[in-house]
Every structure is written in structure tokens, then in C-alpha cells.
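Let's take a walk through a protein together. Have the sequence and the 3D view open, and follow along as we go from the overall picture down to single residues.

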Amino acid sequence: MASHQLIGAEVSLYTGKLRCYLKYKHIPFEEVIASREVFQDVIIPRTGVRYIPVLITAEGEALQDTTVIIDALEKRYPESPVYPATPKQNLISLLLETYGDEWLVIPAMHYRWNIDENRSFAIGEFGRTSAPHASKEEQMAIGQQTAKPFAGALSMLGVADDIVPAIEKSYLSLLTDLDRHFALYPYLLGSRPCMGDFGLIGPLYAHLYRDPYSGRLMEAQAPNVVGWVKRMIEPAPRSGEFLAYDQVPETLYPVLQRMLEEQGPVIRQTMEQVGNWQGGDQIERAIGEVGFTIEGVSGTRLTFPYMQWMWQRCHDFYASLEGEDKRRVSGLLDAINGLDELLEQPLPRRVHRVENKMRVDKAQ
Ligand SMILES: N[C@@H](CCC(=O)N[C@@H](CS)C(=O)NCC(=O)O)C(=O)O
């Protein structure tokens with residue numbers, strides 16, 4: 001069977017998300033390391049942006065953005081879908097994808113770049129990715145350079161010194177909650193991984209399991225989360241089922257509540273700021289500042305319209321529900337404080353991805 005090419009890196013958060021998906025779906029692929037040459041020769045010319053992963057399909061298209069890639073592949077490989085067919089489960093799955101992709105980057109980036117042992121490991125890995133054939137010393141020197149923008153992104157994401165203890169406290173509580181869940185269930189919604197699992201595995205594998213200090217922390221605090229990470233990275237292809245009768249385990253409620261408390265206000269402010277965007281239809285990657293609170297400590301970070309794009313998927317799915325489906329979801333909404341308000345909040349202006357860049361609708 002023709003094979004796709006996954007261009008990425010072991011050290012990369014979103015590459016991990018896509019690799020786990022490809023393996024679960026048993027989609028044939030070969031992995032190509034995103035070296036400097038591959039960036040120059042393939043990634044930048046084919047996608048117009050500098051992100052990994054990129055999928056070069058067997059037909060030769062270049063796809064960027066894990067959510068877009070997975071959606072394209074779900075159409076071509078419909079067996080064992082990773083989108084649950086039932087309303088509650090699909091809503092939770094979309095919410096947790098948005099949480100993993102766009103919020104757990106905070107602990108992932110904090111632990112990687114603020115803990116010396118992780119930082120020097122990551123620098124070596126960045127060097128190995130950029131220049132796979134260079135010597136270890138050269139790789140460290142190259143890694144120092146290529147890692148700079150990533151390490152430098154901490155403050156843009158809201159990772160400031162005064163909030164670090166709160167980030168750690170929140171992450172450890174999340175691990176405890178997830179550990180309880182994975183003691184009972186192999187994946188979030190039963191014995192098959194859903195989009196929510198793929199969203200969470202990005203930060204929880206490439207950074208928080210694979211970076212050495214973080215890996216030991218996870219082993220010590222949450223052995224059942226480690227078990228889930230191992231299942232995600234070496235899955236039994238296309239096996240398993242979602243729980244029957246649209247069940248959502250109550251062990252996921254505290255995880256969703258944490259998402260709502262921390263990321264919810266950021267999603268709300270992002271929608272407002274996108275609504276007030278004064279520039280043209282090509283909206284910037286970051287457009288202002290938003291406030292947020294973790295474990296009672298407040299911080300600020302840049303406003304990323306992309307987060308709204310992820311949120312629109314949750315919003316649109318919820319808005320599409322009618323009758324019995326809508327009624328079924330209401331029990332879940334009652335259990336999570338603030339979820340109904342956020343899902344019902346209108347979107348002042350929608351954002352879109354066009355040629356791998358963000359666009360925004362005209363102001364009303
Ligand atoms: N939302 C995208 C994000 C891709 C992404 O941010 N990748 C990181 C590496 S894991 C990257 O290339 N970052 C470069 C940058 O932020 O400029 C996805 O799902 O693929």
C-alpha cells in the first residue's frame with residue numbers, strides 16, 4: 001500500500017499526536033526527520049509556514065495542522081473512527097482535544113524549559129533533529145540556536161516565574177485525576193482512543209513523559225497515566241470500542257472542570273478580541289493579551305486566534321445538536337460548572353484556516 005510521509009520529530013508535541021493516530025489507525029507511513037534541509041526544501045515551500053508535523057500524503061499533497069490532517073485521513077480510512085458517533089462522547093472528545101492541544105502546552109513548556117535536566121535534553125534533541133549527522137557537540141550548539149524561539153516563548157504562553165508553583169500544582173492534580181481515570185479505563189472513553197486522547201497525548205508524551213525529569217515525575221505520581229501513554233504510543237491497531245450508551249465516565253468530570261476554570265476564560269476573551277480585531281482578514285498569529293488564573297494565581301499571555309479555531313469545533317458540534325441528542329448532553333453540562341454558558345456564548349466573528357494561515361470574517 002502507498003505510504004504517507006510524516007515529517008516531524010520525536011521531540012515535537014504535535015508530531016507525537018499525529019504519530020499515535022497513524023499507528024492506531026494502521027495507516028502506512030514513514031517518518032522523515034524535520035532537519036534544516038527538510039524545512040528549507042519541503043516544509044516551507046510546500047506549506048508556506050514553519051510548523052511540524054507535516055504530512056505528505058501518498059498522493060503528494062502537503063497537509064499541515066494535526067486536526068486538519070486527522071480529519072482528512074478519517075475520510076480516507078473510515079474504519080475504527082476516532083470521533084465517537086454519540087453526542088456526549090463526541091463533545092467531551094472535542095473539548096479534551098482543545099484542552100490538550102491548546103492549554104496543556106503550559107505545563108509542557110514549563111517543565112521542558114525551566115528544569116535544567118529537561119532543557120539540556122531538549123537542546124540535544126533539537127540539535128539532533130536539525131542536523132541528524134552532526135557530532136554531539138555540533139548538535140548541542142545547533143540545538144542552542146534552534147531551541148531559542150521555543151524556550152523564549154514561555155512568557156507569551158503565560159509561563160512567568162510567579163505562576164510556576166501554581167502551574168506545577170495544577171499539573172500534579174491533573175495527573176492525579178487522570179490516574180484515577182486510567183486505573184479504570186484504557187482510554188478516555190473506553191477501549192478505543194478518541195480525538196480527546198490524541199489531544200492529550202501531545203503534551204503528555206513528547207514533553208511530559210519523554211523529557212527525563214518529567215518522565216520520572218509521571219512514573220512516580222501517575223503510573224496509570226504512564227500505562228495510557230504506552231498504549232497510545234504502541235496501540236493495538238484499530239482495536240477497541242467506545243463505551244456503550246454514550247457513557248462518559250464521571251472520572252473525567254474533574255478534568256473538564258479544570259479545563260473550564262483555567263482555559264474557559266481565555267477562550268471567552270479570545271472570542272471577544274477576535275470580534276474586535278481591527279486589521280484585515282488575515283489575522284495575526286497573536287493579537288493581544290488575555291488574563292487567566294491557575295490555582296488562584298493570575299497571569300497574562302498572548303491571545304491566539306487559533307485557540308478560537310479549535311473552540312469553534314466544540315461550539316459548532318454543540319450548536320448542531322437537536323432534540324434527544326441535546327437533551328442527553330444537558331446532564332453533562334449540569335455537572336461541569338460554566339460549560340453550558342461557554343458553549344452557548346455566540347462567536348462574534350469566526351476564524352478560518354486558509355492555506356495554513358488564519359483568516360477572520362469581516363466585522364458585522
Ligand atoms: N496546531 C498545530 C500546531 C503545530 C505546532 O505548533 N508545532 C510546533 C512543534 S510541536 C511548531 O512547529 N512550532 C513552531 C512555532 O510555534 O513557530 C498542529 O496541530 O499541528
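What follows starts with the whole chain, then turns to the cores, two helices and a handful of residues.

**Ground rules**

This is a predicted model, so local features need a pLDDT of at least 70 and side-chain atom pairs count only at pLDDT 80 or more, while totals for chains, interfaces and linings use all residues. Residues are numbered from 1 along each chain as its sequence is written, and side-chain values use heavy atoms, with hydrogens and water left out.

**The whole chain**

The protein has 17 helices and eight strands. Here helices (H or I, at least four residues) and strands (E, at least two) are DSSP runs, numbered from the N terminus. Along the principal axes, the C-alpha atoms fill a box of roughly 60 × 50 × 45 Å.

How does the radius of gyration fit a compact globule? For 364 residues, such a globule would have a value near 21 Å, and the protein's 20 Å agrees with that. That radius is taken over C-alpha atoms, and the globule rule is 2.2 Å times the number of residues to the power 0.38.

Of the 364 residues, 55% count as buried. Buried means under 20% relative accessible area, exposed means over 50%, and partly exposed is in between (1.4 Å probe, protein chains only). The accessible surface comes to about 15300 Å², and carbon and sulfur atoms hold 51% of it; such areas come from the Shrake-Rupley method with a 1.4 Å probe, and for residues only the protein chains shown count as cover.

Now for contacts, meaning heavy atoms within 4.5 Å. Take those between residues at least 6 apart in sequence: 73% of them join residues at least 24 apart.

**The cores and α9**

A nonpolar core is a set of buried Ala, Val, Leu, Ile, Met, Phe, Trp, Tyr and Cys residues joined through side-chain atoms within 4.5 Å. The largest one has 100 residues, and Met218 and Trp228 have the most contacts inside it. Helix α9 gives the most to this core, with eight residues. Apart from it lies another core of nine residues, among them Trp309, Val351, Met358 and Val360.

Let's look at Trp228. Leaving aside neighbours within four places in sequence, Trp228 is in contact with Phe182, Pro186, Tyr187, Asp197, Leu200, Ile201 and Leu204.

His181 sits in α9, which covers residues 164–184. Is His181 buried or exposed? His181 counts as buried because its relative accessibility is 0%. With neighbours within four places again left out, the contacts of His181 are Tyr187, Leu188, Pro249, Thr251 and Leu252.

**Two helices to compare by eye**

Helix α5 (residues 105–114) is mostly covered, with nine of its 10 residues buried. Among them are Val105, Met109, Arg112 and Trp113. In helix α16 (residues 323–335), the buried residues are Val329, Leu332 and Leu333. Their cover includes α4, α13, α15 (305–320) and α17 (339–344).

**Backbone oddities**

Most residues other than glycine have a negative phi, and most peptide bonds are trans. With that in mind, check out these three spots.

| Spot | Backbone value | Where to look |
|---|---|---|
| Ile52–Pro53, cis peptide bond | omega about 5 degrees | Pro53: loop between α2 (36–47) and β3 (54–56) |
| Ser80, positive phi | phi near 50 degrees | loop between α3 (66–76) and α4 (87–102) |
| Asp246, positive phi | phi near 60 degrees | loop between α12 (223–233) and α13 (253–262) |

Ser80 counts as buried, at 8% relative accessibility. Asp246 is buried too, with a relative accessible area of 1%.

**Two partly exposed residues**

Glu37 lies in helix α2 and is partly exposed, with a relative accessible area of 45%. Not counting neighbours within four places in sequence, Glu37 is in contact with Val42 and Ser130. Glu37 and Gln308 are 271 residues apart in sequence and 33 Å apart in space, C-alpha to C-alpha.

Arg350 is in the loop between α17 and β7 (351–354). At 28% relative accessibility, Arg350 counts as partly exposed. Which residues does Arg350 touch, not counting those up to four places away in sequence? They are Gln308, Gln312, Asp316, Arg359, Val360 and Asp361. Val68 is 282 residues from Arg350 along the chain, and their C-alpha atoms are separated by 17 Å.
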